[in-house]
Each structure stands twice: as structure tokens, then as C-alpha cells.
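Student: I have not worked with this structure before, and I would like to go through it slowly. Could you take my questions one at a time?

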Amino acid sequence: MYPDWPESASDLVPLPCCNGPKLNAFDFQGPQKIEFLEYLGEGSHAHVFKIKILGQIYALKLFRFAYDEDYLGPDYDHDVDNYDTVSAFYQYSEPFSSECRAFGRLQEAGHEQLAVQCFGYLLLDEEHEQAMMKQFSHLELKWNGSMDYPDREDMRSRFLGKSGRAPPIRGIVKEFGHLPRELRTRDARKILRDIIQLQQLGIVCIDVADRQLINNKICDFSTAVTTPHFATTPELNPHLTPEWIAAIEFETFQFSMSDYWNFDEMVHIWNEEHKDQKNKIAVYAFPGGRGCRTKYDLRRTPFRQRVFSYVDPRLYDWRSPPAGPGNKAARALAGQKKSGQRKRETGSRGAGSRTRLRLDTRPPKWYLNCDDKVAAELKALRGCSTSLRWCVKDGLIFPRKKY
């Protein structure tokens, strides 16, 4: 399930090993050599360090081995010792895999500017792990579970590698930066625009909050759901009934809408906590930050127009990804296609031209066909909500009602 200890550079394959985008390994240009400079803090899923590699400063996010219930995955009654069952969910939703998939999507689509720059994943070798633990021994760093419930179970040793050893600590190398000292209306407007574009790339459940902003860019995708995903993409399971396909559509709608709810909540909290700021942030996803219903007479409005989100992330064509800088296979394929079959733009980083998926400045809104009761429930939604549980049968992931 977890990446095993690599025996050579060829073992550092793009991750995760499932349908959809993947992230390449960080290029050390030789043996792994990391200088740990400072411990920056922790979140629910990881510890973050300031590091230096080859004279360059980076942020390194080292992931804990999460409990199953801490990510979108198996139901509470699943077999925790069944490798195939747990691995099926791990590849799509475990926090490390979620970040690999989201950053991989940004790279394949040529839109890395929508988040902090990501330079690849790494598997911390034993020498660096020991040195890191010794240098920060006073912090008593824990690698199992979550920030709130560390070391309740030994998740790292649940599935051992082929050598019989517990797997290496997994990390992602990112652009180093700072939390926002000031957030203005123009900054918030850009963040909202970034969320809309991320969703057009099939990335939802972004966990929008000012604590997730580095250099005023989104930095954390450990909860992200990136298409194709069992929770958004019925095509991954050909045996789903129409009822379950509709349930997955509703789940995806909640994921999409909740990102805008979270944005409005971030703006509200920032304004409350920074009342001394000269000007309040004056931009919301929904009118006044109050909800996703249209402003006109709801009694005369068709059900399908009563509740909306700004993007349907399912519209991203994950079967034919653009040949972005992080997608070598797609680049090779694009080179064989006729000129003009893909729209091209000049990349925002580096010289020359590269393939970038062109996104709509005003994508069509996604109206949900629902009744008054469901509309009221969605209006009251705060944050990312889920209505389904999941199980594995014959190698396929099936939904089940949560309640």
C-alpha cells in the first residue's frame, strides 16, 4: 500500500498508482541530501520543515501515516488487515496520495500558478530520518495518526515492505513562503478565482482557510478530491445503479459547493479577527456570504435553479489530459497529434511555449435538481460534508448511505 523503500532511482515511479494524475519524484541529482533548517509546525496530517537542498530553500511536508477514518475511505466495518481493500482507498484519498494527485493535475494541465509550486515527492531515507529525529528530539514528533490523536495505533507498521521493514516517511517538496500578514479584497478575489479554476481542473475539497495560504496561494491539498475519483466518477465502477450514480452526483455537488462556503467563512473570520485592518475584505463567493440560492423569487423558480455551485468538476476530461510539463507521456502523445488539436498558451514559468489547458473565465454554473428540503439542507451546509460511506467488492469501490 505505502511506497516501499526504493532500491534504485527506477523504483521512484510517479505516485499514486491509480487512475488519474500522478506526481514525479523530486530530483536530487544524485544521492539524497537534505539539510533540515527549522521546524515550521504541524497540521492534521503532517509536519512541515524548512530545508535546504543543493543550496535552494524549500518547505518539506512530511506526512503521518493516517488513520483510515481521517480520510475519505473505507467504512467503519471494513477489514483493517485486508491489504487490497485498504490500498484501494489509499491510492485515491489518503492525505499523501491526495496531494500527489492534486499537484500532479496542476502540472499536467500547465496551471501550477494556482498553488504554491511543488517540486515532487520524496521518500525519506533512514539516514535522514534518524538525523531529523535527533535534531528535533525535543519536539517528540509522532508519525502515526493525526495531530489530535497521535500514536493511537501503529499505522506505519500495519503493512510492511518486501524487506519486512516499515515503509519510509513520505514527503512533498514545495515552495517556501509565509502565511498572509495582510489579506485584502484584491487578494481574496484572486483566491476565489483560483478556487474556480482549480475546480475546472477537477480538484475539489480544498479546505479553504487563511492558514492554508502561503505567499497568498493555496498550499495544502491533503483533503483534496481530484477527478477521476471513486467519490466523483461513476465511470470507475461499471456496476453502479442509477440510484448510486445520482448519490455520487450529489456528493460531488456538496464537495464543489463547500469550497465556496469555506471561502466565505474564511473572509468572515478574517474580517472579525482583523477589525483594525483599514478596509474589510469585500468579496464573497455567494451574495453577502449568505448562501447558494438565487436572489429572485424562489416560489416561481424551477427546482433545478434553486441551488447552485460555480463549477461542475466532473467536466474535466481526465481521460485525455493536456500535455503539461508534469505529464511526459501526454507530451509525447501530443507531439504525435496534428497541430491545432490542442489550445496552447505561453507558460507563466520558464521560457518558451508549453501546453496549458485554457480555462473559462466564467464557467457555467452547476444547478442541482433537488426539492425544497434538500435545498434547505444544502443552504445550511458549512464546510465539506459527505453523505456516503464506501466499501470494496470484487476490486471495485461501491458507495453506501452514511445514515
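**Helix 1 and its surroundings**

Tutor: Let us begin with helix 1 (residues 83-93), which is largely enclosed by the rest of the structure because nine of its 11 residues are buried.

Student: Which elements do the buried residues of helix 1 pack against?

Tutor: This is a predicted model, and in it the buried residues of helix 1 include T85, F89 and Y92. Together, the buried residues of this helix pack against one helix and several strands, namely helix 2 (95-109), strand 5 (170-174), strand 14 (388-393) and strand 15 (396-401).

Student: Which residue caps the N-terminal end of helix 1?

Tutor: The cap is made by a side-chain oxygen, which lies 3.1 Å from the backbone nitrogen of D84. The residue that supplies this oxygen is N82.

Student: Which helix gives the most residues to the largest nonpolar core?

Tutor: In soluble globular proteins, nonpolar side chains tend to be buried together. The largest nonpolar core here has 106 residues, and F36, L62, M132, F221 and F263 touch the most other members. With 12 residues, the helix that gives the most to this core is helix 5 (residues 242-273).

Student: With which residues is M132 in contact, leaving aside its neighbours within four places in sequence?

Tutor: M132 is among the residues that touch the most other members of the largest nonpolar core. Leaving aside neighbours within four places in sequence, its contacts are F36, F49, L62, L124, L141, W143 and I169.

Student: Is H45 buried or exposed?

Tutor: H45 lies in the loop between strand 1 (35-42) and strand 2 (46-53). Beyond its neighbours within four places in sequence, H45 is in contact with several residues, including L62, D70 and T223. Because its relative accessible area is 13%, and the cut-off is under 20%, H45 counts as buried.

Student: Why is the sulfur of C118 not bonded to the closest cysteine sulfur?

Tutor: The structure holds zero disulfides, and C118 itself counts as buried, at 5% relative accessibility. A disulfide needs two cysteine sulfur atoms within 2.5 Å. The sulfur of C118 is too far for a bond because the closest cysteine sulfur, in C100, is at a distance of 7.5 Å.

Student: Over which residues does pLDDT stay under 50?

Tutor: The mean pLDDT of the chain is 86, and 85% of its residues reach 70 or more. Even so, there are stretches where pLDDT stays under 50, and these include residues 293-299 and residues 328-353.

Key
Residues are numbered from 1 along each chain as its sequence is written. This is a predicted model: local features need pLDDT of at least 70, side-chain atom pairs count only at pLDDT 80 or more; totals for chains, interfaces and linings use all residues. Side-chain values use heavy atoms; hydrogens and water are left out. pLDDT is the predictor's confidence in each residue, from 0 to 100. Contact means heavy atoms within 4.5 Å. Helices (H or I, at least four residues) and strands (E, at least two) are DSSP runs, numbered from the N terminus. Buried means under 20% relative accessible area, exposed over 50%, partly exposed in between (1.4 Å probe, protein chains only). A nonpolar core is a set of buried Ala, Val, Leu, Ile, Met, Phe, Trp, Tyr and Cys residues joined through side-chain atoms within 4.5 Å. A polar contact is a pair of N or O atoms within 3.5 Å; within protein, one must be able to donate a hydrogen and the other to accept it, and residues adjacent in sequence count only if both atoms are side-chain atoms.
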